[in-house]
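The following exercises concern the packing of helices and the pairing of charged side chains. Please study the sequence and the structure before reading each solution.

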Amino acid sequence: MPPIQQFDTTIHLLQKVLDLRSRNQQVISSNIANAETPGYKSLSFDFEEELKSAMAEGGLRPVATNEKHFAITPSRIDEIKGRITENPDRTGIGDRNSVSVDNEMIKLSENELLYEAAVAMLNKKLSILKYAANDGR
Amino acid sequence: MDIFTTFKVAASALEAQRIRLDTISSNIANVETTSTPEGGPYKKKSVYFESTPVSFDQHLQSSIENNVKGVKVARILEDNSPPKKVYNPSHPDADKEGYVAMPNVNVLKEMTDMMSATRSYEANTTTIKSAKRMALKALEIGR
């Protein structure tokens with residue numbers, strides 16, 4: 001059964017983006033907190049590809065021909081969970097910690113800006129709905 | 001998952017960095033301490049960080065939240081490298097040859113360590129500020 005959609009896919013998508021961005025925020029803050037912990041491997045959280053493949057319509061999609069098949073790529077926005085990858089230290093110098101604080105700070109502000117952009121778009125969308133619901137007043 | 005996980009993670013780091021700063025200030029304060037209750041000169045202390053799960057209920061949650069970790073000071077280590085020997089026969093702690101064992105604290109190292117701790121502290125306050133801005137922005141939805 002398709003999920004009940006109160007509004008349209010844009011709102012649905014933006015809702016998911018906010019969720020994923022706040023998760024990304026947690027992962028980045030974990031990296032910054034552990035910037036000086038020996039042996040800590042920095043984590044990166046990726047969801048853009050999954051989001052893209054869930055949004056793409058008409059492209060090549062895996063088809064479940066057997067009930068035992070499980071989804072390779074999420075086909076619904078709801079199913080996107082994001083993927084965490086560990087980046088081990090490759091320099092071999094020091095305490096095997098692979099966090100680069102400057103990189104993380106850039107990711108942090110980028111993530112925040114994109115979160116705010118999603119909120120702004122959501123607000124715009126809702127204000128259009130409000131305008132329509134109020135008879136254009 | 002909740003909005004306060006970032007705060008918890010960053011707060012654990014702030015606490016860890018504060019303990020590190022306390023240790024550094026103890027080292028700098030005791031740079032000339034030649035006698036301690038344990039005997040011998042003061043020994044340089046340093047902190048050992050360890051990543052730690054944010055809260056207990058995290059163990060019950062999905063793998064993404066399991067990967068998000070805070071930090072804590074696991075233990076405070078004593079540097080057992082030999083003390084510096086300074087010739088000062090009139091000092092009450094001088095040995096038979098007139099040498100005094102001074103703490104193995106290097107003030108320059110402590111200063112750079114202190115700068116590094118301050119910067120880490122600032123980086124974590126930045127994450128808290130950014131999480132707060134995001135949460136406030138979310139409250140504006142639909143206004």
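**Exercise 1.** Determine how H1(A) and H1(B) are oriented relative to each other, and state which residues make their contact.

*Solution.* In this predicted model, the axes of H1(A) and H1(B) come within 9 Å and cross at roughly 5 degrees. Angles under 35 degrees count as roughly parallel. The two helices H1(A) and H1(B) are therefore roughly parallel to each other. On the side of H1(A), the contact is made by A:Gln25, A:Gln26, A:Ser29, A:Ser30 and A:Ala33; H1(B) contributes B:Thr5, B:Thr6, B:Val9 and B:Ala13. Sorted by class, this contact has three nonpolar, six polar and no charged residues.

**Exercise 2.** Carry out the analysis for H3(A) and H3(B): at roughly what angle do their axes cross, and into which classes do the contact residues divide?

*Solution.* The axes of H3(A) and H3(B) come within 10 Å, and they cross at roughly 10 degrees. That angle makes H3(A) roughly parallel to H3(B). Among the residues of H3(A) in the contact are A:Val101, A:Met105, A:Leu108 and A:Tyr115, while those of H3(B) include B:Ala123, B:Thr126, B:Arg133 and B:Lys137. The contact residues of H3(A) with H3(B) divide into eight nonpolar, four polar and four charged.

**Exercise 3.** Classify the packing of H1(A) against H3(A) as roughly parallel or roughly antiparallel, and give the handedness of the crossing.

*Solution.* Helix H1 of chain A spans residues 9-33, and helix H3 of chain A spans residues 101-133. Their axes come within 9 Å and cross at roughly 160 degrees. Angles over 145 degrees count as roughly antiparallel. H1(A) and H3(A) are therefore roughly antiparallel to each other. The crossing of H1(A) past H3(A) is left-handed. In this contact, 16 residues are nonpolar, six are polar and four are charged.

**Exercise 4.** Describe the interface of chain B and chain A: how many residues are in contact, and what area is buried?

*Solution.* In the interface, 35 residues of chain B are in contact with 34 residues of chain A. The buried area between the chains is about 2800 Å², and carbon and sulfur atoms give 62% of that area. Two salt bridges are found across this interface. B:Arg20 and A:Glu36 meet through their side chains in a salt bridge, at 2.8 Å from N to O.

**Exercise 5.** Which parts of chain B does the salt bridge of B:Lys44 with B:Glu110 link?

*Solution.* Over all chains, the structure holds 13 salt bridges. In the pair of B:Lys44 and B:Glu110, the closest N and O atoms are 3.0 Å apart. B:Lys44 lies in the loop between helix H1 (5-29) and strand S1 (45-53) of chain B. B:Glu110 belongs to helix H3 (residues 107-139) of chain B. The pair thus links distant parts of the chain, 66 residues apart.

Notes: Residues are numbered from 1 along each chain as its sequence is written. Chains are lettered from A and ligands numbered from 1 in the order in which they are written. This is a predicted model: local features need pLDDT of at least 70, side-chain atom pairs count only at pLDDT 80 or more; totals for chains, interfaces and linings use all residues. Side-chain values use heavy atoms; hydrogens and water are left out. Axes are lines fitted to C-alpha atoms, for helices over the stretch in contact, and angles run from 0 to 180 degrees between N-to-C directions. Helices (H or I, at least four residues) and strands (E, at least two) are DSSP runs, numbered from the N terminus. Angles under 35 degrees count as roughly parallel, over 145 as roughly antiparallel, 65 to 115 as roughly perpendicular and the rest as oblique. A crossing is left-handed if the near helix is turned anticlockwise from the far one by less than a right angle, and right-handed if clockwise. Ala, Val, Leu, Ile, Met, Phe, Trp, Tyr, Cys and Pro count as nonpolar, Asp, Glu, Lys and Arg as charged, and the others, Gly among them, as polar. Contact means heavy atoms within 4.5 Å. Buried area is the accessible area (1.4 Å probe) that two parts lose on being put together, summed over both. A salt bridge is a side-chain nitrogen of Lys or Arg within 4 Å of a carboxyl oxygen of Asp or Glu.
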